Amino acid sequence: MDYSHCVDLLAKLHENSHGLPREARQANVSRLLQALGHPERELRGTLVVGTNGKGSTCAFAVSAVAATGARVGSMPSPHLQEPRERIRIDGVPVTRAEYAAAFAEVWQTIERHDLPVLPQGVFATTAAAHFRRAGVGLVVAEASIGGGRAAATELGLDVKVVTGIGLDHTRLLGDSLTRIAHAKIAAVRDGDHVVLGRLAPEATTAAEQVLRERTGLSVWRVDHEIHYTARAAGRGPGTLVDVTTPRAAHRELPCPLSGAHQHHNLAVAIAAVDAMAERGHIRDPDGERLRARLAATRWPGRLELVPDAHLDDWTGRVLLEGATNPQGTATVAPEILRHAHADGHSRPPVLVFAAMDDKDVSGMLAPLPSHWPLVLTRTGSHQAADTATLHSRLSPGRQGPCVTAEDPRSALHRAAELAGPGGLIVVLGSLRLVGETRTALDLRPE
């Protein structure tokens with residue numbers, strides 16, 4: 001089976017992932033792992049759940065674990081451009097051939113044992129199969145939309161991280177912070193070490209209720225057992241963060257990802273790594289190696305600036321941000337505004353926006369100036385909202401011009417016309433939009 005065939009099969013699986021109840025498909029993940037010879041039993045490490053910040057937290061955690069000298073696998077979710085981005089070793093995506101080999105093992109097992117699973121189940125089991133092939137037993141995994149129902153929970157990783165709880169995917173998880181918190185925290189199993197990020201009071205109450213139902217837990221919470229402070233670096237750009245956990249005090253950790261919210265993500269990631277050391281999964285990281293590894297952390301598609309983007313005869317800046325809910329947009333809005341004011345360009349930035357069909361469009365756009373020109377488009381996802389639906393969900397008070405484009409590539413060209421030479425295009429919304437934009441800009445998966 002070659003890589004293109006894997007991609008085709010995954011696309012068909014996404015389109016046809018209906019019929020069998022989700023609970024049955026979830027149970028089939030466990031059966032599939034059994035049929036594969038239980039590759040998950042060789043794994044130990046961290047599972048990160050939450051509404052926002054999971055990918056960045058995982059990226060920081062991978063850098064920190066690598067500072068101990070250990071090889072570490074990771075499982076980001078979703079991918080931006082290619083499925084192989086979902087399986088990484090020391091932060092680097094596997095090759096197409098490596099992905100195809102592990103995928104073929106899983107797919108043949110699915111067919112042989114008649115075990116239909118959701119796409120997330122295929123992604124999780126393919127990663128586990130590859131890590132066994134590569135001899136990697138240490139993993140930092142990102143849960144998908146759910147918590148307790150996420151396929152990655154079947155891997156049995158005993159350090160659980162909750163980055164935060166917000167209103168998103170309400171059709172699947174519930175329409176309140178309480179219900180969503182219950183769904184996310186349900187990933188915690190008896191005996192786990194739990195790292196809780198900063199939660200709203202309603203989510204905190206729900207989380208504590210779920211945790212009281214578990215036994216043998218160790219729990220570290222931001223602002224209680226975990227503390228952090230951030231300050232500007234003395235020389236050059238960037239921020240330094242001090243993080244203290246019950247295990248160690250880490251000083252002057254560089255935070256190369258933009259936005260004050262990344263200081264929290266870094267602190268939570270460091271706490272998770274200390275929890276892994278507490279459990280004997282890894283050694284304590286050396287301070288200098290830790291700082292060097294963290295300084296090199298990248299996470300594409302999240303406030304990712306392409307400073308010299310080219311589209312035919314247009315050259316300018318493109319800022320990519322995969323904020324998928326109002327909370328996420330509000331969090332990154334200060335950084336987007338900072339980029340907008342960075343060079344004093346005469347024209348306002350132009351927004352390119354696309355989202356899935358269950359999103360709060362007006363809420364996602366509300367934190368940004370309503371006079372900025374807006375280009376609505378649709379990605380190739382079968383769950384994407386069409387441009388007419390997006391337009392119908394705009395705030396009645398929106399002031400700026402709004403146009404539509406049939407796909408992200410044509411949306412970029414329309415935005416370039418509106419932004420003018422040297423202008424700024426802000427690509428905002430679904431991670432699928434970010435991925436298709438990166439491909440249109442000839443950026444390689446990373």
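I take a strand to be a DSSP run of E with at least two residues, numbered from the N terminus. The model I consulted is predicted.

**Entry 1: aspartate 242**

I looked up aspartate 242 and found it in strand 10, which spans residues 239–244. I asked whether aspartate 242 is buried or exposed. Its relative accessible area is 13%, and buried means under 20%, so I entered aspartate 242 as buried. I then checked the side chain for polar partners and noted that one of its polar atoms lies 2.7 Å from the backbone nitrogen of glutamate 252. Leaving out residues up to four places away in sequence, I listed the residues that aspartate 242 touches: His227, Tyr228, Thr229, Arg231, His250, Arg251 and Glu252.

**Entry 2: helix 14**

I turned to helix 14, which runs from residue 408 to 419 and has 12 residues. From its first C-alpha to its last it reaches 16 Å, close to the 16 Å expected at 1.5 Å a residue. I recorded its buried residues as Pro408, Ala411, Leu412, Ala415, Ala416 and Ala419. Viewed down the axis of helix 14, these buried residues fall within an arc of 140°, so they line one face of the helix. I next asked what covers the buried residues of helix 14. The cover includes strands 12 (302–311), 13 (314–321), 14 (350–354), 15 (374–376) and 17 (424–429), together with helix 15 (431–440).

I also inspected both ends of the helix. At the N-terminal end, aspartate 407 acts as a cap, with a side-chain oxygen 3.2 Å from the backbone nitrogen of arginine 409. Just after helix 14, I noted that glycine 420 takes a positive phi of about 80°.

**Entry 3: cavities**

I counted 2 cavities of 30 Å³ or more. The largest cavity holds about 120 Å³ of space. It is lined by 14 residues, of which Met75, Gln120, Phe123, Ala124 and Glu142 are the closest to its centre. I asked which helix gives the most to this lining. Helix 5 (residues 119–134) does, with 4 residues.

**Entry 4: second largest pocket**

For the second largest pocket I recorded about 410 Å³ of space. Its lining consists of 23 residues, and the closest to its centre are Arg88, Asp90, Gly91, Val92 and Arg298. The elements giving two or more residues to this lining are helix 3 (54–66), strand 2 (73–75), strand 4 (92–93) and strand 5 (138–142). I noted that helix 3 supplies the largest share of the lining, 6 residues.

Key: Residues numbered from 1 in each chain as written. Predicted model: local features only at pLDDT ≥ 70, side-chain atom pairs only at ≥ 80, totals over all residues. Heavy atoms only, no water. Expected span 1.5 Å × (residues − 1). Buried < 20%, exposed > 50% of the residue type's maximum accessible area, 1.4 Å probe, protein only. Arc of directions from axis to C-beta. Contact = heavy atoms within 4.5 Å. Polar contact = N/O pair within 3.5 Å; in protein donor to acceptor, adjacent residues only side chain to side chain. 1 Å grid on protein atoms, 1.4 Å probe; cavity = no way out; pocket = protein on both sides within 12 Å on 5 of 7 lines; lining within 4 Å. Points joined across faces, edges and corners; volume = space filled by probe spheres on them.
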